Every structure is written in structure tokens, then in C-alpha cells.
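Work through the exercises below with the model open beside you. Try each task before you read its solution.

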Amino acid sequence: MIDPVVLMRRALRWCLDQHNMRPESVDMMTQDQKLAFEDLVITVSDDMRYNQLRYFRPFEHQRKFFVTETDRRGILAANRIGKTVSTCYETAYHLTGRYPDWWTGKRFTGPITAMVAGEGWSQVALVLQKELLGTNDVKIQDNLGTGAIPRTDIVFDTMRNDGANVIGCEIRHSAGGKSYLLFANYTQEVRQLQGFKLNLAVFDEQPPDDFFSEVVTRTATTQGMVMCSFTPLKGLNGLVSKFWNREQGYDFIRVAWDDVPEYDPWGEPFLLKETREQLERDYLPHEREARIAGKPIMGLGAVFQIREWPTYRIGDYNFRDMPGIERIMALDLGLVNDRTVITLMYWHPVEREAWLHAQVVVKGLEEANPMNYITHLLRPEVIGTPIVLPADAGTAGRYTMSALSIRELFESYDLNVHPDAIMNPPDAQGRRTNHKSYGINVMRQMLELGTLHVNENCQDFLREAQNYYVDPQGRFSDPDDTIDSARYALLGCLQGICEPWDGLSSQQRMSQARELLQRPRDDANKPQWKKVYNTQ
């Protein structure tokens, strides 16, 4: 509920704007005109109390959000900039069908079912319920309708509540019929969210992944829409990562304090400079970018605390003509639900600079049979490149479903496989280990220094690395298949296993690959039932 004094000021401003008048124009009116104008202002103020939707004036950043076009739309924003107001007022437009003349965003042509959800019932009542219905305690019915949804559109006798909290209610739609508004919170059991359809789902702050997945499933058969607003204090993970990386179907605006004026569209103080400066002093150092600029926080457990990743595009480097350049390939091998990842990395041994140039992620049916993905290693542009493999690549039958190990299978195709399993370099005592932390630390330092470049097409690697963390027990998070594959390649670079570009043309490489594929396989050591006989 807005303070009556503020309502009166807004009503005055609205009446002046509607009649294209300046405040001093009132002094030039006759006494009768002044009385009539005062009556008009009071009438508008009374109407504003229970019809906020009609008089809503958005900030410029809110207008930008309203016209985002995908079905998954988000606001990653600083604190106190009106992100929840944005999603709540848009929700009210969709529920009531009362779109303003300036509206150019998505429209629903009839009644809808919408769910709004927040972190807990108290938070839902204090923020979402109050913003939409006007009160955080439904028992105070005089305040119902002072939020974004007009009082005349709330069907009071359909309201279900649990104490102060509204669970659901019907909302009248301008096209006829009634929309339905549901409230939910992230602590509910996911099974309670099954079995109904939604046209609109709204999340205030970041939801748990399983909660988000279940709710958006409710929008599938209606081709529904999802709106999210959050200050990204939980880091670059889960839903925030999907928006931040603009995965297909996801779009967002990021709003910092610098994008918001000190006064709102009514001319009222909103977020004054001195308030911002005090808040900035109040915030913890590691929270400031999230709370002030809407950038995902780098959590204490994040492995790669990198804001600007050293990425490059295809064509930025001509590796074939770069003096002293070398290359290597590495595989992280997977089984069943674990992916196999093939990495191609370039390396300059003098400058100690590396380029993660390409990764092939193999999964599903292709992964089940190595013969399906060995073709990636036989491509003309990479054939002859040294290949490093992890220790379990020498285990017979582990990945091949035959008596051969994956190493032996690759060698049978005359691939340039390094004879030993890839390990960390020897320590001061000459011991070699396979501890993951060594390679991860090297990778982190090189990314921070900008000496490990990542091709922007390596999206799976970037996504995994941005979400990579260490838990309190020191365990690295999953998934990390692309990270491990790149780590093996980098270890190969550091230990001199790379080889220079051989200068062959693509035609020569194709001829080389054809010779390998046509070369007869040696049957001498195969069991009788596996031998191939020429019937000519």
C-alpha cells in the first residue's frame, strides 16, 4: 500500500501531465477552476489507491525487459532497482488483460494460469503477495487491491489462504472469464507441483534446479512463458548460468545502479547517491559486484574466479603459419552416463602460451562404441597429432567391449598415441602423481594471466569451468569432463609431448587418412572366430 501523501503527489502530477500543464499554471486558475481541479486530483488519488496498474510508470530498464522476446526471460540486477516490480506488473497485465497503450511486449489474448514463487512463505508474502495484491497479510482485506492487480479484478470469494498467506485466487480478465493466480515457495516438495498446466511461471530470486525444472515442465503443453528476477548472489550456476551464457531460448537484461536514475518516473526520490554510497560501504567486498552491478558473485568455493574469460574466435590466429607452434590431442574417457571428450590444443613452448582450440563431446550411442568416434581422430586436419590418454586407457576391455584396451585400439589404426598414461610432471623427489589439483591450478593461473586462450566455440568447457567449485571437503564438482580433457592436453604441453605442425596440405592429409583406413588389419593374433577370410 502506497502512502496517501505519495498518492496525492502522484495524482497531482498525473493530472498536470494529462492536461499538459505546469505546476505554476494552477496559480493562474480562477477559484472555481481550482476547486474543480482539486476535485479531479482527489478523484484520481482515490482511483490510484485500488488501481495501480492503470497509472504504472516504468523505468527505462523495465521497458527494455518487457520487450525481451524469448520464452525464458530474466533480469539479473543490482539490489533496489525494481526488478520484482517489473515481473509483478507484467504478471498483472497478463492476468487481467489490461495492457497499456505503450505495451509492445508479449500479450495473452485470454485468461491464463500463472504461478509466482519465492524463497519461502514469509518472503513470498512480504514481496510477491504484497506487490501483486497489496498486502502481506490477507486478513487485512482493506489493503487488498492496492498492489499491481486492481481491486475490482480480484475475485475475493475464490481466495484460498493459509493464515496470512494467499495460496491462490481468481482474477477477472478483460476479455471475459477468469485467470488463476497461484503462489508457491522453493521449500515445497517438488511432487506438490505436478499435474497442472501453467501459461506463466515467475521466479523471484534464484530457484533450486529441481524446483525450476518441475515448474517449467508445467508450461510445456501451453507454450508458456517464464520470467525470472534475481540478484545473482549464489554465483554463476544453475539457472543464472543459463541466462548469463544466453543458452538457446534464454534472454536477459542486466541492470546496475549506473543504469537507474536517482528519481523515479514520478519525480520521487528513488535511489539517491548518498544512499548508494552508504550501501556500498555496508556490503561485503565479495558481494559488491552482484549487489551493485548485477554480476554473478564469485563464491568462496569457485575454482576459476575469472570475470572476463580469455576467449578468441576462429580466424583470430593462423596456427599453421605461427613460428614454433605445436599441437596435441587429449581424451577424457567416459562410460554410460559419463561423456568422452576429445580436445585439440595448440602450444607455444617458448612463450608458454596455450590455445584450447576445439573439443568434441561424445555421448549416448556414439560413445558406446569407440569405432564411432575414432573417426574424429582420423580427420585430415588432425591426423598425426600426438594423443595423450589417462591411466585407465590401458585397461583391456574397459571402453572397447573387446579384449583390446582403448590405447591398443588407437595404436591399431596407427594413431600417434603417447606410450605412457598422462600424469603430472615429476615433483622435487621425482615422484609422478595423477592428483587433479596440480593441473587445475596450472589451468587457473594461465587463465588469470591470459596465457591460456579458449575458443568461444568450446561452450561446454566454458559452462563447466564457470560452474566449477570445490566443496568444504576439497572435492571438485561435477560435471568436469571437458575440464579434465583440457587438463590432460595442458599437462602434455608442459611435458614436451606436443609436436610441431608438419606442414602437410589438406590433400596430403586426406591421402594419408585414406591409406590408414585401407591398410589391411593384422589378423594373426585374433581368435579364430574373429578372423576375416577373403572369399574371392
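**Exercise 1. Locate Arg246 in this predicted model, and state what is unusual about its backbone.**

Step 1. Find the flanking elements. Arg246 sits in the loop between helix H8 (238–244) and strand E8 (250–255).

Step 2. Read the backbone angle. Phi of Arg246 is positive, about 50°, although the residue is not a glycine.

Step 3. Compare with the general rule. Most residues other than glycine have a negative phi.

Step 4. Check accessibility. The relative accessible area of Arg246 is 45%. Partly exposed covers the range between 20% and 50%, so Arg246 is partly exposed.

**Exercise 2. Do the analysis again for Arg352: which loop holds this residue, and what is its phi?**

Step 1. Place the residue. Arg352 lies in the loop that runs between strand E11 (340–348) and strand E12 (353–362).

Step 2. Read phi. The value for Arg352 is near 55°, which is positive in a residue other than glycine.

Step 3. Assign the exposure class. Arg352 has a relative accessible area of 46% and is partly exposed.

**Exercise 3. Is the peptide bond from Asp478 to Pro479 cis or trans?**

Step 1. Read omega. For the bond from Asp478 to Pro479, omega is near -5°.

Step 2. Classify. That bond is cis. Most peptide bonds are trans.

Step 3. Place the proline. Pro479 is in the loop between helix H15 (459–466) and helix H16 (481–494).

**Exercise 4. Describe how H15 and H16 are arranged, and list the residues that meet.**

Step 1. Choose the descriptors. Two packed helices are described by the angle between their axes and the distance between the axes.

Step 2. Apply them. The axes of H15 and H16 come within 8 Å and cross at roughly 105°.

Step 3. Name the orientation. Angles of 65 to 115 degrees count as roughly perpendicular, so H15 is roughly perpendicular to H16.

Step 4. List the contact. H15 contributes Asp460, Phe461, Glu464 and Ala465; H16 contributes Asp481, Thr482, Ile483 and Ala486.

Step 5. Sort by class. The contact of H15 with H16 has four nonpolar residues, one polar and three charged.

**Exercise 5. At what angle do H1 and H2 cross, and which residues make the contact?**

Step 1. Read the geometry. Helix H1 (residues 4–18) and helix H2 (residues 31–49) have axes that come within 8 Å and cross at roughly 120°.

Step 2. Name the orientation. H1 and H2 are therefore oblique to each other.

Step 3. Add the handedness. The crossing of H1 past H2 is right-handed.

Step 4. List the contact. On the H1 side are Leu7, Met8, Arg10, Ala11, Leu12, Trp14, Cys15 and Leu16. On the H2 side are Phe37, Leu40, Val41, Ile42, Val44, Ser45, Met48 and Arg49.

Step 5. Sort by class. In the contact of H1 with H2, 13 residues are nonpolar, one is polar and two are charged.

**Exercise 6. Is Arg10 buried or exposed, and what does this residue touch?**

Step 1. Place the residue. Arg10 belongs to helix H1.

Step 2. Apply the cut-off. Buried means under 20% relative accessible area. Arg10 has 17% relative accessibility, so Arg10 counts as buried.

Step 3. List the partners. Setting aside neighbours within four places in sequence, Arg10 is in contact with Ile2, Met48, Gln52, Asp264 and Trp266.

**Exercise 7. Analyse the contact between H5 and H6.**

Step 1. Read the geometry. The axes of helix H5 (residues 83–96) and helix H6 (residues 121–133) come within 10 Å and cross at roughly 45°.

Step 2. Name the orientation. That angle makes H5 oblique to H6.

Step 3. Add the handedness. H5 passes H6 in a right-handed crossing.

Step 4. List the contact. Thr84, Val85, Cys88, Tyr89 and Thr91 of H5 meet Val127, Leu128, Glu131 and Leu132 of H6.

Step 5. Sort by class. The contact of H5 with H6 has six nonpolar residues, two polar and one charged.

**Exercise 8. Summarise the chain: how many helices and strands are there, and what share of residues is buried?**

Step 1. Count elements. The chain has 17 helices and 15 strands.

Step 2. State burial. Of the 536 residues, 48% are buried.

Notes. Residues numbered from 1 in each chain as written. Predicted model: local features only at pLDDT ≥ 70, side-chain atom pairs only at ≥ 80, totals over all residues. Heavy atoms only, no water. Axes fitted to C-alpha atoms, helices over the stretch in contact; angles between N-to-C directions. Helix = DSSP H or I, 4+ residues; strand = E, 2+ residues; numbered from the N terminus. Parallel < 35°, antiparallel > 145°, perpendicular 65-115°, else oblique. Left-handed = near helix turned anticlockwise from the far one by under 90°. Contact = heavy atoms within 4.5 Å. Nonpolar A, V, L, I, M, F, W, Y, C, P; charged D, E, K, R; others polar. Buried < 20%, exposed > 50% of the residue type's maximum accessible area, 1.4 Å probe, protein only.
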